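Visitor: I have this one open in the viewer. Can we go through it together?

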Amino acid sequence: METTNLGVAMPQITLPQTKEEVAAIDFSTLYKWTVPTFSWPYEQMKKAISDTLATYTAIDVTNVEDIDEVKKNLKNDRAYLNALKKKFAEMDSTIRSDVLSAYDGYKSQSKELQDAITDAIDPIDAKVKEIETYWKEQKKNEILAFYTEAVSGKDEIQDTDEFFAKIFDATWLNQTTSKKKYQEAITAAVSNYCTGMMAIKAMKHEFEADGIAMFDETHDLSKAIGEMTRKADLKQELLKKEKEQMEAQMQKALEEAEAEKQKALEMAEAEKKAALQKAEAEKQEAVKTATINAQNEIAMQTTTSSVDTIIEENTDCSDDDEYISIKIPVDKFELVKKVLGNFNIEVVLG
């Protein structure tokens, strides 16, 4: 038998071969370690300390004959008890160190064993992963072969690689997933897609391209139809807004035209009124001018007659080739000059 650094004999063991055998191991049978016990006068020391405490508690300081002696004894006993307490603390540290030293030895060996187990597990894990990867690749090839046959002749599926990537379920590669399960899933996905694509094209919808794009992305016919409906509703809303804007613009144009028409009528009316006022003013001015002319004519006639009378009464003239000499009173000179000026007859003072 082997011996550990604890000085304990270890039995020969054989490593378990299954995890069930590991779970059944009673590790307490693999080591023989008796927990250390300590032989020391615990009860006697406990009683001595208790008796000392009772003695000091019973002292009546008011009824002591030699107080100095009592005080000295008390201090001595206190020093003894402090030293004893310190010794216990030292023993605690020593015993703890001894126990932990034994544990540390076990822990070191346990870690070495765990590391050895890890070194054995890592290559096992790598090999398991290698086997699983190989097995999954083989199964995926089988799935792809079935898929290729399933989409053969399906014109609705334009990009078969992209379609496979969208419908592929990683759980198909699990060992627990049967061939029947992934074949049914692929068959259903291809059938639903082709049926949905034919339904979209049969609608001959204005926004068919948008519906196909949504269907390619989601493989959900209801979402594809919803997208086409949404686009159609959006277009109608835009057309409605454009119509409302156009009608508003037409209404504004009509109102502006009506305002311009009204403004033109008002301007024409104002011009007409101004023309009538001008004509009336011109008429009044003509009447006034005619009246003045008539008055002037009458006055002229009267003045001429008066001038004729003046000339006849005051003429004492002699004719020559150029001038006629007339004697006119000074206060009548301007009147005679004005009247004769109308006949282009120049009147000068002589």
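**Helix 5 and its neighbours**

Guide: Lys204, just after helix 5, takes a positive phi of about 45°. Helices here are DSSP runs of H or I with at least four residues, strands are runs of E with at least two, and both are numbered from the N terminus.

Visitor: What kind of model is this, and how are residues numbered?
Guide: This is a predicted model, where local features need pLDDT of at least 70, side-chain atom pairs count only at pLDDT 80 or more, and totals for chains, interfaces and linings use all residues. Residues are numbered from 1 along each chain as its sequence is written, and side-chain values use heavy atoms, with hydrogens and water left out.

Visitor: OK, what span does helix 5 reach, first C-alpha to last?
Guide: Helix 5 covers residues 179-203, which is 25 residues, and reaches 37 Å. That is close to the 36 Å expected at 1.5 Å a residue, the expected span being 1.5 Å times one less than the number of residues.

Visitor: Which of its residues are buried?
Guide: Tyr182, Ile186, Val190, Tyr193, Cys194, Gly196, Met197 and Ile200. Buried means under 20% relative accessible area, with a 1.4 Å probe and protein chains only.

Visitor: And for the whole protein, what share is buried?
Guide: 13% of the 350 residues.

Visitor: Back to helix 5. At what angle does it pack with helix 6?
Guide: About 165°, with the axes 10 Å apart; helix 6 is residues 208-218. Axes are lines fitted to C-alpha atoms over the stretch in contact, and angles run from 0 to 180 degrees between N-to-C directions. Helix 5 is therefore roughly antiparallel to helix 6, a label for angles over 145 degrees.

Visitor: Which residues meet there?
Guide: On the helix 5 side, Asn192, Tyr193, Gly196, Met197, Ile200 and Lys201. They meet Glu208, Gly211, Ile212, Phe215 and Asp216 in helix 6. Contact means heavy atoms within 4.5 Å.

Visitor: Different pair: how do helix 3 and helix 4 cross?
Guide: Helix 3 (residues 67-151) and helix 4 (residues 160-167) cross at roughly 125°, and their axes come within 11 Å. That angle makes helix 3 oblique to helix 4; oblique covers what is left after under 35 (roughly parallel), over 145 and 65 to 115 degrees (roughly perpendicular). Lys140, Ile143, Leu144, Tyr147 and Val151 of helix 3 make the contact with Thr160, Phe163, Phe164 and Ile167 of helix 4.

Visitor: Last one: what is the order of elements overall?
Guide: From the N terminus, β-β-α-α-α-α-α-α-α-α, which comes to eight helices and two strands.

Definitions and conventions
Buried means under 20% relative accessible area, exposed over 50%, partly exposed in between (1.4 Å probe, protein chains only).
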